Amino acid sequence: MLRIGLTYNLKRDAKALGLAEDYYAEFDDQSTIDAIANALSKVGEVIKIEADEDAYNILRQTRPDIVFNIAEGIRGESRESHIPAMLEMLNIPYTGSGPLTLAITLDKAMTNTILSSKGIRTPKHQVCRNLNDLSHLTIDYPLIVKPLCEGSSKGIWNNALVRNRDELEERVEYLVRTYKQPALVEEYIDGREFTIALLGNNPPRVLPIIEVRLDMLPPWANKIYSYEAKWIWDTCENPIEILECPAKITDEVRKELEYVALRVFEIFRCRDMCRIDVRLNHKGECYVLDVNPLPGLIPDPRAHSSFPTAARAANLTYDELIISILYSALERYNMKELVPKIE
C-alpha cells in the first residue's frame, strides 16, 4: 500500500497566545487536515506530520513513499520552502512546487520584478524597510500597503488602501513593527478582481475562473480582498457571496486571463497546483497581484476557499481534487503504477 505523508501547520488560537490576530492566518484548521487525510486514505496509508522543528527527523524515520505538502512553514522569509527542501535532501517525492518557486513567490516584490521582466503586468511597487525609504517614492496615490512576505491577506487590513502621506506612514510603520519585515507599497489597480486555479501539469488544467465580488463588501469598506473580507466579514456562520464562479466574463477576457495564468505558472515552474490573483484596470489590462503555489484547500463550501470553489465548479468533489493533486505528483515522479485505480 502507498504510504503518504501529510505535512501541515496546525492553526492555533493566536489571541490566547498573545499574538497578532492574523498570526496563524496561513495555517490550516484541524478540519482541513482531517479532510485531506480522509481523501488520501482512499488510495494509501496516511502519516500526519506537523511541519515544526521535529519534522525532519520524523520524515527521515518514517520515509513515506510520497508527501502531500500543505505546510506554510513556521518562520523566516523562505519558510514555505523548508519542507520541500528537506524532502529533496531525503529524496522523498512530494506534491506541489519546489523550494525555489515557493521561496520566490512568497516575496511579493521579487515576484513582481520577475513577472515584469517577462512582459507580465504587475503593479508598480517599492519596498520600504523604514519611513526613510518613502523619500524615494514615485508612485501616485491611492496606494496599497502590505507585508512583503505573507499570504492569506495577512497584514492586509481594510486600511491597507491609503490616500495620503499620513495614512501611508502609519501603515508602513505598523507593518514593519508588527510583522518584522519590510512593507510593500504598491500602485492600486482599480477594477474587477479574479482568481484563477490551475491543476496538474504539462499543461495544467485551468479551472473555472472566480471573480471576487468586491461589490458585496460593506458599502463603507475599501474595495480590496482584505483580511476582514476573507476571515471576519465572510464566515461559515454568516457567509456573504464574495466569490462568483464561473465569473461572468466574455470569451475574450477569459482567454486573456487563462493565458496570463498559464504564463505565470510556466515562468515560476509551478507544479501540480497554483492559484493566480489578478485585476483588470479600466482599460481591461490584466495585472497579476499574487501567485499562490500553496493555495488554501478548506473543504467547507461556506468558507469560500477559492481553489476548492473552482474545483466544485469543474464538477470535482473535494476528494477528487485532493487525489488529482496527488496523482499529478505521482505522474511527475513516474510512480503512477503505484495507484492504478485513481484515473
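**Exercises on helix α3 and the whole protein**

In helix α3 (residues 82–90), the buried residues are I83, P84, L87 and L90; buried means under 20% relative accessible area with a 1.4 Å probe, protein chains only. Helices are DSSP runs of H or I with at least four residues, and strands are runs of E with at least two, numbered from the N terminus. This is a predicted model, in which local features need pLDDT of at least 70, side-chain atom pairs count only at pLDDT 80 or more, and totals for chains, interfaces and linings use all residues. Residues are numbered from 1 along each chain as its sequence is written, and side-chain values use heavy atoms, without hydrogens and water.

**Exercise 1.** Explain how the buried residues of α3 are placed and name what covers them.

*Solution.*
Step 1. List the buried residues: I83, P84, L87 and L90. They lie on the same side of α3, because they cover an arc of only 125 degrees around the axis. The arc is that of the directions from the helix axis to the C-beta atoms.
Step 2. Look at the cover, which includes β1 (3–8), α2 (55–62), β3 (66–69) and α4 (99–106). Contact means heavy atoms within 4.5 Å.
Step 3. Go to the residue that follows α3: N91 has a positive phi, near 60 degrees.

**Exercise 2.** Describe the fold of the whole protein in numbers.

*Solution.*
Step 1. Count the elements: ten helices and 13 strands.
Step 2. Of the 343 residues, 55% count as buried.
Step 3. Among contacts with a separation of 6 or more, 68% come from residues 24 or more positions apart.

Definitions and conventions
Buried < 20%, exposed > 50% of the residue type's maximum accessible area, 1.4 Å probe, protein only.
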